[in-house]
Structures are given as C-alpha cells and as structure tokens.
Amino acid sequence: MENIKDKGIVISSFPYKDSDKIVTIFCLEQGKISVRFTGVRKPNAKLLSVTQPCCFAEFVFAEGKAGKVAISAECFDSFFDISKDYSAYVFACSALEIVSRFSRDGGESDSRLFVSLLKLLKSLAYDLSFNSSFAFIKFLLELLDEQGYGISFVTDSNYDAVCFNSSEGAVIFTKQGLVFGESLTIKEAELMYKLQKTDEKVFNVSVEETRHVVVLLSKYLTDKTGEQIVALTKLLNS
C-alpha cells in the first residue's frame, strides 16, 4: 500500500510502550486519525517536535497491521508563541478539545472545521490586533454554525433591550418586558454579530462583557450537544 500524505494539526499525544507515542492528528483530508510514532521518546528523536499539541505539519504515514505508522513529517508551524500567554494557551487547549470531540473520524474530511482551527491558532500566536477572547468567540460561532446550531439575530427597530434565547439559538433585539432569555448588553450583541458577519477585530467592549459572551456560547454549546469543554471550564472558573 502506498504511503499517505496529509496536512494536519496535532490534537494530543500519549506515551506508548518504551519509546513510542500515539498521536491524534486532525487532518485536512483524512479527518481525525491516530498515528503511532515509533522511537520518538528516545534522545534526539527527529520527529519528537511534530508530536506536540498544536503542531501544524505535513505528515506521511503508512497503514500497518496495527494501525497507522508515521514515516516522516514536515513542520509548518508549532505555534509556540501561544504558550507565552495563559489565556491564549487555554483557548488553544479548549479548541483542540472541541475538535477532538466534534471532528469526524478517519477517512472523513471536515475542511471547514480544520480551517477554523488553523485560523484560530494563527490569531492566538501572531495577531496582536485581535484579542484572544474575540478570536475564540469567532471560532465558537463558526463551530456552532457548522454543527447546525448557528446563532441568528432577530431585530426590532424600536428595541431597547437585548436577550439570548438558547432554545431558538437567537439574539433578540426587543422591548423591555418582552425579554425571553438571558439578558445581553447591546455591546455584547454587537460583538457576536460582527464576529459572525464581518472580519472586524477591534471592539469597544469590557472584559466582563467579553467573558459573558464566552460563557454564554460555551453553555449553549453544552446544552445543544451535551459536551462540556473541560479546559474552558477551568478558565471560566478561575
């Protein structure tokens, strides 16, 4: 059988036997796969660096009797700078956890989610003009849309209140006394709308408002899918 080549992002890895690792990779064409990297825990192993979470590389692997085995890899980016900022690091870990739970298993491409994850990692590592919380909110909005739970916006020209109705997945601009859901500030609603609909990166919102949007979308994701993101829960409870 011919070797398989695919671009991928490392989600996680764990030790296997004396000197190997089993690495979970989210691939552009193959979807989520597990690959055995032999001998990478030995001193000076050439492929050790490409087994680290967040590593974006082109992997070459073969299908063995016991599963996929790595042959070689070319690292495009380790996104090491993410580790220098605690919030960015937790958002990256949360995104990897989300992808692990929602990506399709081997053989099924999920290119939209792959592109969303790669854009997030690049923003967290290098885009100083894009707050890490905003970048993660944009990722969540794209994920929810892909999973069939996209956020809609219902407007009223005479609104003086805003709420989020989780049963409908809708941000509703309404009147005081007609609020059915969790209250939002206008700035919170505008943040969600612009991150979903535009490429804007700078917003006049407070830290508390930004945190509220992250909490709200995380709860909505859990309510709709039953999946609770452990890494994100730790950040929000800190």
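Thr 222 is a residue of helix H5 in what is a predicted model, and with a relative accessible area of 25% it counts as partly exposed, because the buried class is reserved for values under 20% and the exposed class for values over 50%. Once its neighbours within four places in sequence are left aside, Thr 222 is in contact with Glu 227 and Gln 228. Thr 185, by comparison, is separated from Thr 222 by 37 residues in sequence and by 22 Å in space, taken from C-alpha to C-alpha.

From this residue the view can be widened to the sheet beside its helix. Four strands form an open sheet in the order E6-E8-E7-E9, and their pairing is mixed. Strands E6 (152–154) and E9 (182–184) stand at the edges with a single partner strand each, so one side of each is left without a neighbour in the sheet. From one strand to the next the twist averages 25 degrees. Strand E7, residues 161–165, pairs with strand E8, residues 170–174, in the antiparallel sense through five bridges, and within this pairing Ala 161 has Thr 174 of E8 as its bridge partner. Helix H5, which covers residues 207–225, packs on the sheet and touches E7 and E9, its direction making about 145 degrees with that of E9.

Two further helices form a pair of their own. Helix H2 (residues 111–126) packs with helix H3 (residues 132–146) at an angle of about 175 degrees, the axes lying 9 Å apart; the two are therefore roughly antiparallel to each other. Among the residues that make this contact are Leu 113, Leu 117, Leu 120 and Leu 124 of H2, together with Phe 136, Phe 139 and Leu 143 of H3. Sorted by class, the contact of H2 with H3 has eight nonpolar, three polar and five charged residues.

What lies in the interior can be followed through the nonpolar cores. The largest of them has 55 residues, and those with the most contacts inside it are Phe 136, Ile 151, Val 171 and Leu 217; helix H3 gives the most to this core, with nine residues. Val 171 shows how such a position is surrounded: apart from neighbours within four places in sequence, its contacts include Ile 151, Phe 153, Val 154, Val 162, Phe 164, Leu 184 and Met 192. A second core, separate from that one, has 14 residues, including Phe 37, Ala 57, Phe 61 and Ala 70.

Another set of strand pairings involves E3, E4 and E5. Strand E4 (residues 56–64) pairs with E5 in the antiparallel sense over nine bridges, and a hairpin of two residues joins E4 to E5, with Gly 64 having Gly 67 of E5 as its bridge partner. Strand E3 (residues 31–37) runs parallel to strand E5 (residues 67–77), and two bridges join them; here the bridge partner of Val 35 in E5 is Lys 68.

Taken as a whole, the protein chain has six helices and nine strands, and its C-alpha trace spans about 65 × 35 × 30 Å along the principal axes. Of its 238 residues, 47% are buried. Among the contacts between residues at least 6 apart in sequence, 54% join residues at least 24 apart.

Technical notes: Residues numbered from 1 in each chain as written. Predicted model: local features only at pLDDT ≥ 70, side-chain atom pairs only at ≥ 80, totals over all residues. Heavy atoms only, no water. Pairing = 2+ DSSP bridges. Axes fitted to C-alpha atoms, helices over the stretch in contact; angles between N-to-C directions. Contact = heavy atoms within 4.5 Å. Parallel < 35°, antiparallel > 145°, perpendicular 65-115°, else oblique. Nonpolar A, V, L, I, M, F, W, Y, C, P; charged D, E, K, R; others polar. Core = buried A, V, L, I, M, F, W, Y, C linked by side-chain atoms within 4.5 Å. Buried < 20%, exposed > 50% of the residue type's maximum accessible area, 1.4 Å probe, protein only.
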